[in-house]
Amino acid sequence: MLTGPFRAASRRLRAIAARFARARNATSAIEFAAILPLVLVLWGGMAETSHAIGVWRKMTLLARTVADLTAQGDTVDPMAPATMADILAASTAVLRPLSGSSAKIVVSSLGVYATNLVNPKVCSSSASSNTTARSTGVATDLLIPTVFAVAGDRYLLAEVSMSYAPMIGGSVIKILGWAGGTIPIKASFAWPVRNGTVHNSTSTPASPEVTMPNGAFCS
């Protein structure tokens, strides 16, 4: 058992050790407070990016589904409005569990001409009720995919867009300039016609065409 000066020295050593421990705890707390915001930002960014990519993949699948179903054509030419309405309504099921009500869908029948093997011509187009179909004529904002760059060829293009609402960080999105705290996401898919009617195609073999409801075939 310590007595006299040794006991006093022991008490002083314990006091110093206690102060050192408290100092180390305070340093750790400061370091944690400094790092925590960065960790949260990284975690939130990774989670948000993963979710956004998932939404974009579903939209790409939607565009492909619309193009593939439309490419099968109809028993009448041009396609009946009811048939196109059914295609647009049924296709949004691939977005589940996301709601398909806000998805804007445009599907167009495109033609390739020898005078312009860069930009396709929109021969007919149809759209969901919440957006507008493409105007007919040369689409300068579109490029012909290499696989369809043959004079006289015909193909379909499905375009999908919707507003993506981030799970977190909506206020940050507003600050960055996106109104309403949402980000526009788009996807498109070009697809060959599987069952249509040949109209003025000069390719070999002749390329069939699906004419959109109330539209006209490629001239």
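The side chain of R134 makes a polar contact with the side chain of D141 at 2.9 Å, and a polar contact at 2.8 Å links the side chain of R134 to that of E159. These values, like all others here, are computed from a predicted model. R134 itself sits in the loop between β2 and β3, the latter spanning residues 137-138. Its C-alpha atom is separated by 7.4 Å from that of V106, although the two residues are 28 apart along the chain. Leaving aside neighbours within four places in sequence, R134 is in contact with V106, S108, V122, S125, A139, D141, L142 and E159.

## Polar contacts around strand β2

One of the residues in contact with R134 is S125, which lies in strand β2. A polar atom of the S125 side chain lies 3.0 Å from the backbone nitrogen of R134, while a polar contact of 2.9 Å joins the side chains of S125 and S108. S125 has a relative accessibility of 15% and therefore counts as buried, the cut-off being under 20%. Beyond its neighbours within four places in sequence, S125 is in contact with V106, V107, S108, A133, R134 and M212.

N119 is also found in strand β2, which covers residues 116-127. Is N119 buried or exposed? At 17% relative accessibility, N119 counts as buried. The side chain of N119 reaches the backbone oxygen of L142 at 2.8 Å, and, with neighbours within four places in sequence set aside, N119 is in contact with V138, A139, T140, L142, L143 and I144.

The polar pairs described so far are collected below.

| First partner | Second partner | Distance |
|---|---|---|
| R134 side chain | D141 side chain | 2.9 Å |
| R134 side chain | E159 side chain | 2.8 Å |
| S125 side chain | S108 side chain | 2.9 Å |
| S125 side chain | R134 backbone nitrogen | 3.0 Å |
| N119 side chain | L142 backbone oxygen | 2.8 Å |

## The disulfide

Strand β2 also holds C123, one partner of a disulfide. A search of the whole structure finds one disulfide, and this bond joins C123 to C218 with an S to S distance of 1.8 Å. Because C123 lies in strand β2 and C218 in the segment after β7 (208-209), the pair ties together parts that are 95 residues apart in sequence. The torsion about the S-S bond of C123 and C218 is about 100°, so the disulfide is right-handed. Both C123 and C218 are buried.

## Overall arrangement

The protein chain contains three helices and seven strands, and from the N terminus on its elements follow the order α-α-β-β-β-β-α-β-β-β. Of the 219 residues in the protein chain, 33% are buried. The protein chain exposes about 13000 Å², of which carbon and sulfur atoms supply 64%. When contacts between residues at least 6 apart in sequence are considered, 65% of them join residues at least 24 apart.

## Nonpolar cores and helix α2

In soluble globular proteins, nonpolar side chains tend to be buried together. Here the largest nonpolar core has 26 residues, and those with the most contacts inside it are M59, L62 and V66. At least two residues of this core come from each of α1 (5-71), α2, β1 (104-113), β4 (154-164) and β5 (183-192), with the largest share, seven residues, coming from α1. Apart from its neighbours within four places in sequence, M59 is in contact with L95, V160, S161, M162, I185, K186 and A187. A second, separate core of nine residues includes V112, I144, F148 and L157; of these, I144 is also among the residues in contact with N119.

Helix α2, which spans residues 81-91, has M84, I87, L88 and S91 as buried residues. Why do these residues lie on the same side of α2? They cover an arc of only 95° around the axis, which puts them on the same side of the helix. An α-helix has 3.6 residues a turn, so residues three or four places apart point the same way. On the other side of α2, A82, D86 and A89 are exposed.

How values were computed
Residues are numbered from 1 along each chain as its sequence is written. This is a predicted model: local features need pLDDT of at least 70, side-chain atom pairs count only at pLDDT 80 or more; totals for chains, interfaces and linings use all residues. Side-chain values use heavy atoms; hydrogens and water are left out. Helices (H or I, at least four residues) and strands (E, at least two) are DSSP runs, numbered from the N terminus. Buried means under 20% relative accessible area, exposed over 50%, partly exposed in between (1.4 Å probe, protein chains only). A polar contact is a pair of N or O atoms within 3.5 Å; within protein, one must be able to donate a hydrogen and the other to accept it, and residues adjacent in sequence count only if both atoms are side-chain atoms. Contact means heavy atoms within 4.5 Å. Accessible areas come from the Shrake-Rupley method with a 1.4 Å probe; for residues, only the protein chains shown count as cover. The arc is that of the directions from the helix axis to the C-beta atoms. A nonpolar core is a set of buried Ala, Val, Leu, Ile, Met, Phe, Trp, Tyr and Cys residues joined through side-chain atoms within 4.5 Å. A disulfide is a pair of cysteine sulfur atoms within 2.5 Å.
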